[in-house]
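Biologist: Please take one part of this model and walk me through it closely, starting from the whole chain and then staying with the strands and what packs around them. I work with force fields, so give me the cut-offs as you go.

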Amino acid sequence: MTRLEKLRKRLGQCDEILLDAILMRHHIIKDIMAYKEENGLNILDPEQEERQKEWLDGRLEDESNASEVWDIFHAIGKAGKQMQARKLFDYNIVLIGFMGAGKTSISEYLKTLFAMDIIEMDQIIAEREGMSIPDIFEVHGEQYFRDLETNLLIEMQSRKNVVISCGGGTPLRECNVVEMKKNGRVVLLTASPETIFDRVKDSHDRPVIENNKNVPFIADLMEKRRAKYEAAADIVINTDGKSIIEVCEELVQKLLAMDENDK
């Protein structure tokens, strides 16, 4: 056996060890998730990821190939997150609520925690149309925009484990709600009019309130939409005074409880 053949044999042995370690890691993740569910512990643990990052930084401090090893560990970690998401959510999570309720922030955090893809509906529509949402309203009218929303929701029914962040007006159409529920759980995020105003007062991409950016107008519009929002929702979470991690943990626990009740 030549030296090259010996080296390739050793490399193959390393690959076997790596594969066994990755499979073991995935089994341990499943056991951890099961333990948390059985003992009523929080599913989310962002501090654990930070501890792992600090450990890896320390181990790779003097390694010349640190960047490449980091990429490998990042991919392994992402795969583990996606595995957790598939176990927890065999469907899409559809976030609805008034503008400024926290849909974008929560969807971004779920992406960080579970490596889930995000469909930010307004962003996707704007990119496809090549113009901003206010411009779509001005050039084509609201009906045209609402039809784009419906078509996008239908398109998303072929996906799973996706977080769909809807525009504030999306659930006002009953046909949209029907499409949301075909492959998703609908989560309504709420907040007080004062909180909403504080979050959107400096934004200029919300045509519905652009010329009426004040608490009374927002409160009135929220009340007009409230019944349809609540009718569409599978679960409701108030975001006032809560951190993003607290909202996400409540979201996960309520979805798990709903899934358990449906068994």
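**A close look at the strands**

Modeller: Happy to. In the protein chain, 72% of the contacts with a separation of 6 or more are between residues 24 or more positions apart, where contact means heavy atoms within 4.5 Å. Before going further: this is a predicted model, in which local features need pLDDT of at least 70 and side-chain atom pairs count only at pLDDT 80 or more, while totals for chains, interfaces and linings use all residues. Residues are numbered from 1 along each chain as its sequence is written, and side-chain values use heavy atoms, with hydrogens and water left out.

The overall frame comes next. The protein chain has 11 helices and 5 strands; these are DSSP runs numbered from the N terminus, with helices being H or I of at least four residues and strands being E of at least two. Its C-alpha trace spans about 80 × 45 × 35 Å along the principal axes. Of the 263 residues, 40% are buried, and that word means under 20% relative accessible area, with exposed being over 50% and partly exposed in between (1.4 Å probe, protein chains only). The exposed area of the protein chain is about 15400 Å², and carbon and sulfur atoms supply 52% of it; accessible areas come from the Shrake-Rupley method with a 1.4 Å probe, and for residues only the protein chains shown count as cover.

Now to the part I would pick: strand E3, which covers residues 162-165. Which faces of E3 are covered? Both are: Val162 and Ile164 on one side, and Val163 and Ser165 on the other, are all buried. E3 runs parallel to E1 (residues 92-96), joined by 3 bridges, and parallel to E2 (residues 117-120), joined by 4 bridges. Two strands are said to pair if DSSP finds at least two bridges between them. To place the register, Val94 has Ile164 as its bridge partner in E3, and Glu120 has Ser165 as its bridge partner in E3.

Following E1 in another direction leads to strand E4. E1 and E4 pair in the parallel sense over 5 bridges, and the bridge partner of Val94 in E4 is Val186. Strand E4 (residues 184-190) has 6 of its 7 residues buried, so the rest of the structure largely encloses it. From E4, 4 bridges lead on to E5 (residues 235-238), again with the strands parallel; here Leu189 stands opposite Ile237.

What packs against these strands? One good example is Ser107, which sits in helix H4 (residues 103-114). Ser107 counts as buried because its relative accessible area is 0%. Apart from neighbours within four places in sequence, Ser107 is in contact with Leu95, Ile118, Glu120, Val163 and Ser165. Two of those names, Val163 and Ser165, are the E3 residues on one of its buried sides, and Glu120 is the residue whose bridge partner is Ser165.

The loops leading into the strands have backbone points you may like to check. Most residues other than glycine have a negative phi. Ala115, in the loop between H4 and E2, has a positive phi near 55°, and Ala115 counts as buried because its relative accessibility is 17%. Asn161, in the loop between helix H7 (142-155) and E3, has a positive phi near 60°; Asn161 is also buried, with a relative accessible area of 15%.

Helix H7 also holds Arg146, which is buried because its relative accessible area is 9%. Leaving aside neighbours within four places in sequence, Arg146 is in contact with Phe137, Gly169, Thr170 and Arg173. That brings us to the rings. Rings of Phe, Tyr and Trp (its six-membered ring) pair if their centres lie within 6.5 Å, with planes under 30 degrees apart counted as stacked, over 60 as edge-to-face and the rest as tilted. By this rule there are 4 aromatic pairs. One of them joins Phe137 and Phe145 in a tilted arrangement, 5.1 Å centre to centre with 45° between the planes. Phe137 is buried at 19% relative accessibility, and Phe145 is buried at 2%. Elsewhere, ring pairs link Phe89, Tyr91 and Phe114 into a cluster.
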